[in-house]
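Subject: Handing over the structure, with notes

Dear colleague,

I am passing the structure on to you with this message, and my notes come directly after it. Please read them with the structure open beside you.

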Amino acid sequence: MSSGKVCAILGRRLAKHELLTLTIEAGIGLAGFAGIAVVLSGDSRNWSPAEKLRIGTMLFLALYAVFGAFLCLYLLRHFEGVPASRISSGISFAILLFANMVVLKKSRTPFREGDPTINRRLAYILWGLFMAVAIFQLMNAAGLFRDAFAAYFASLIFLLLFAAFLFVRILFVRPGMQG
């Protein structure tokens, strides 16, 4: 998959910097939605550890996608001939691996307390997908994909979709609605 095929729906090829700028805009929008979710959810002092983890994860993913897009955009614009997507993927792998460890450690509290707002199966599936993105970044940094930019861009979009899923879950799924 080439980076031009990523936006075939729009009817024209977008340049790499345009795709990264769109990613930045979407990430900032989702970070703003995290603020909206906080306001609509009520008093944060009454939140369960699971709700705090969801909001924190959503904000991290949105801002991380913004950081990743800015990093790649900076490398593309200021360093000609540098494999910006591969360097960005290597840095992304390190950050995502660390974030996975932090999320795993913080998610133990709601599990131990038997929090009714958390669905264990869904949490493990989402954590596995999050870890898969980190491994995907490692593979991209190692040069296993022909079009490094398309792979990097797809991973940023996946993280934004994950953040959007958390936003919908925060707003519409209440503790009594889960099974």
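What follows goes from the overall build to the core, then to the aromatic pairs and the surface.

Please bear in mind throughout that this is a predicted model. The protein chain has six helices and zero strands, so that, read from the N terminus on, its elements run α-α-α-α-α-α. Of the 179 residues in the protein chain, 40% are buried, and the chain exposes about 9,900 Å², of which carbon and sulfur atoms supply 68%. Among the contacts with a separation of 6 or more, 78% are made by residues 24 or more positions apart.

The largest nonpolar core has 26 residues, and those with the most contacts inside it are A37, M58, L61, L96, F130, L159 and F162. Two or more residues are given to this core by each of α2 (16-41), α3 (49-78), α4 (84-113), α5 (120-141) and α6 (148-172), and the largest share, eight residues, comes from α6. As an example of how this core is connected, L159 is in contact with L61, Y64, L96, F130 and V133, once its neighbours within four places in sequence are left aside. Apart from this core lies another one, of 15 residues, which includes L19, L73, A84 and F149. As a general point, nonpolar side chains in soluble globular proteins tend to be buried together.

Turning to the aromatic rings, a search of the whole structure finds seven aromatic pairs. In one of them, the rings of F33 and F167 have their centres 4.8 Å apart and their planes at 25 degrees, and the pair counts as stacked because planes under 30 degrees apart are classed that way. This pair links distant parts of the chain, with F33 in helix α2 and F167 in helix α6, 134 residues apart. The two partners are not covered alike: F33 is partly exposed, with a relative accessible area of 36%, whereas F167 is buried, with a relative accessible area of 14%.

A second stacked pair is formed by F149 and F153, at 6.1 Å centre to centre and with 15 degrees between the planes. Here the partners are four residues apart in helix α6, and are therefore separated by about one helical turn. Both fall under the 20% limit for buried residues, F149 with a relative accessible area of 1% and F153 with 6%. Elsewhere, F60, Y64 and F67 form one aromatic cluster, and Y64 is also one of the residues in contact with L159.

What else does F167 touch, if residues up to four places away in sequence are not counted? Besides F33, F167 touches A37 and M58, and these two are among the residues with the most contacts inside the largest nonpolar core. F167 and R54 are 113 residues apart in sequence, yet 8.4 Å apart in space, C-alpha to C-alpha.

On the surface, F33 appears again, since a nonpolar patch of about 390 Å² is made by F33, I36, V39 and L40. L40 lies in helix α2 and, at 56% relative accessibility, counts as exposed. F33 thus belongs to this surface patch and also forms a stacked pair with the buried F167.

With kind regards

Notes: Residues are numbered from 1 along each chain as its sequence is written. This is a predicted model: local features need pLDDT of at least 70, side-chain atom pairs count only at pLDDT 80 or more; totals for chains, interfaces and linings use all residues. Side-chain values use heavy atoms; hydrogens and water are left out. A nonpolar core is a set of buried Ala, Val, Leu, Ile, Met, Phe, Trp, Tyr and Cys residues joined through side-chain atoms within 4.5 Å. Buried means under 20% relative accessible area, exposed over 50%, partly exposed in between (1.4 Å probe, protein chains only). Contact means heavy atoms within 4.5 Å. Accessible areas come from the Shrake-Rupley method with a 1.4 Å probe; for residues, only the protein chains shown count as cover. Rings of Phe, Tyr and Trp (its six-membered ring) pair if their centres lie within 6.5 Å; planes under 30 degrees apart count as stacked, over 60 as edge-to-face and the rest as tilted. Patches are made of residues with over 30% relative accessible area and no salt bridge: like charges are joined within 9 Å, nonpolar side chains (Val, Leu, Ile, Met, Phe, Trp, Tyr) within 5 Å. A salt bridge is a side-chain nitrogen of Lys or Arg within 4 Å of a carboxyl oxygen of Asp or Glu.
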